[in-house]
Amino acid sequence: MAPLARGFVRVALLWAALFAPVPAQVLAQAADSPADSTAPPPPASAVPRGADTEIEAQKRELESLKSELEQRRNLSKELKGREKNLLGQLRDTEKNLTLTMRYLNALERRRRSVSSDLGDATSELSRTALQLDSERRRLAWRLREIYKRGRSRDIEYVLSARSFGDLVARGYYLARVAKEDRQRMLLTQARRTAVQDTKTRLEERKRELDRLQRETDRERRSLASLTNERRTLLKRIRSDAKSNEQAAAELERARKRIQGLIETLERNRLARERGAPGEAPLLGDFGKNKGRLAWPVNGKIARPFGNQRNARFGTTTFNSGLDIAAKFGTPIAVVAKGRVEWVNWLEGFGRCAIINHGGGFYTLYAHASEITVPVGRDVAAGEVIGRVGDTGSTIGTALHFEIRRGKEALNPLEWLR
């Protein structure tokens, strides 16, 4: 084929490319692929969002907590009326209270995330809608120009070339115009898709916020009911001799479990140190802090260390630590650097944490509303590890604090400044 004929064929193909319809698949590929500044951005739904990832993680957490809470409440319904032990009723109510509070906290975290994403989506919609409007105006102007000019003008422009070089130059110019027109079409389509995706996300977030608010209101009513139920049970227990005896026996069992647990932790510590002779023992300077430790919470001593006698019922119990009365939610600070060895619920002590300070020294923090540090975490002196609560407590909101050297319980007042 002669060079001039090939040039005419190339121009004809470029002309066809300009006016050919854009396949949906091409639009999708262009929207998903990175391009230069004239190429369309990907739709909002195709962009990975950190907020979406966080919201999905919170959704899974909520579903898990809700399932656990429903199981717990179903169990309580089965036991209701069959549990004659006031202390047993109290413990069941406390577990429901703790789980309800965890669920409420998770609901609040999710509500904040969804609300933040709703604000982002609103701003994104406003920005993308403006861009779409601008792109539509440009495209409309270009289409009007093409319509007014007509196809014959471009053909005349090509055929009027005076040389092959002029023909190639004019063909190149038309190719650039064709490419820009197609990019403009792709850009407008991508903007339209982004606007629709953002509108969909906005509606989803609005519905989610409404649902979260209804769920939060329902759980707050449940929390208030459980709080009143617990208060009533505590009054009955404090005035009932048998319940007091049961509470004293439960505390003694809990004290022995703590002793056995710390003995196990200490054996494991010594075994680890023997197995790694080149490794320095964990910290190991706690013993030098006698009389110098900061208090774990600010409050009044509700029950001191040692034997405690109930004047009303004549029962005696041994308190292996201090009970420090403080407001619900007061931060609990670890008294010295150490490592979190154990976090769990213990009957009689509620939610607990045990910190290993090295050299055989341990501290225990109990009756917490929550423990915020995981097992294995190294903590510094003064670091907050939880919040004061009343889990497992029959004296109200307080922190039960112990210092132990091996299985021996020490008087915390001799260690605190």
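The exercises below, each with a worked solution, concern the nonpolar cores and the cavities of a predicted model.

**Exercise 1.** Find which residues of the largest nonpolar core touch the most other members, and which strands supply this core.

*Solution.* Begin with the core itself, which holds 27 residues, and in which Phe286, Leu293, Ile332, Val335, Tyr365 and Ile385 touch the most other members. Next, turn to the strands: S4 (322-325), S7 (350-358), S8 (361-371), S10 (384-388) and S11 (398-405) each supply at least two residues of this core. Among the contributors, S8 gives the most, with four residues. As a last step, set this beside a general tendency: in soluble globular proteins, nonpolar side chains tend to be buried together.

**Exercise 2.** Take Ile385 and list what it touches, leaving out residues up to four places away in sequence.

*Solution.* With those sequence neighbours set aside, Ile385 touches Ile332, Val334, Ile355, Tyr365, Glu370, Ile371, Thr372, Val373 and Val379. Two of these names, Ile332 and Tyr365, also appear with Ile385 in the list of core residues that touch the most other members. Apart from this core there is a second, separate one of 18 residues, which includes Leu65, Leu118, Leu132 and Val195.

**Exercise 3.** Establish how many cavities of 30 Å³ or more a search of the whole structure finds, and describe the lining of each.

*Solution.* The search finds two such cavities. The largest has a volume of about 80 Å³, and its lining has three nonpolar, five polar and four charged residues. Helix H7 (residues 241-275) gives the most to that lining, with three residues, while other lining residues include Arg91, Asp323 and His367. The second largest cavity has a volume of about 50 Å³, and it is lined by Leu251, Arg255, Arg303, Phe318, Asn319, Ser320, Phe349 and His400. By class, these are three nonpolar, three polar and two charged residues, and both H7 and strand S3 (316-319) supply at least two of them.

**Exercise 4.** Decide whether Ser320 is buried or exposed, and describe its surroundings.

*Solution.* First, locate the residue: Ser320 lies in the loop between S3 and S4. Second, compare its relative accessibility of 1% with the cut-off, under 20%, that buried residues must meet; Ser320 therefore counts as buried. Third, consider its neighbours, for the side chain of Ser320 makes a polar contact with the side chain of Glu402 at 2.5 Å. Finally, not counting residues up to four places away in sequence, Ser320 touches Arg255, Phe305, His400, Glu402, Arg404, Ala409 and Leu410.

Notes:
Residues are numbered from 1 along each chain as its sequence is written. This is a predicted model: local features need pLDDT of at least 70, side-chain atom pairs count only at pLDDT 80 or more; totals for chains, interfaces and linings use all residues. Side-chain values use heavy atoms; hydrogens and water are left out. A nonpolar core is a set of buried Ala, Val, Leu, Ile, Met, Phe, Trp, Tyr and Cys residues joined through side-chain atoms within 4.5 Å. Buried means under 20% relative accessible area, exposed over 50%, partly exposed in between (1.4 Å probe, protein chains only). Contact means heavy atoms within 4.5 Å. On a 1 Å grid over the protein atoms alone, a cavity is a set of points where a 1.4 Å probe fits but cannot get out, and a pocket is an open set with protein on both sides within 12 Å along at least five of seven lines; lining residues have an atom within 4 Å of a point. Grid points are joined across faces, edges and corners, and a volume is the space filled by probe spheres set on the points. Ala, Val, Leu, Ile, Met, Phe, Trp, Tyr, Cys and Pro count as nonpolar, Asp, Glu, Lys and Arg as charged, and the others, Gly among them, as polar. A polar contact is a pair of N or O atoms within 3.5 Å; within protein, one must be able to donate a hydrogen and the other to accept it, and residues adjacent in sequence count only if both atoms are side-chain atoms.
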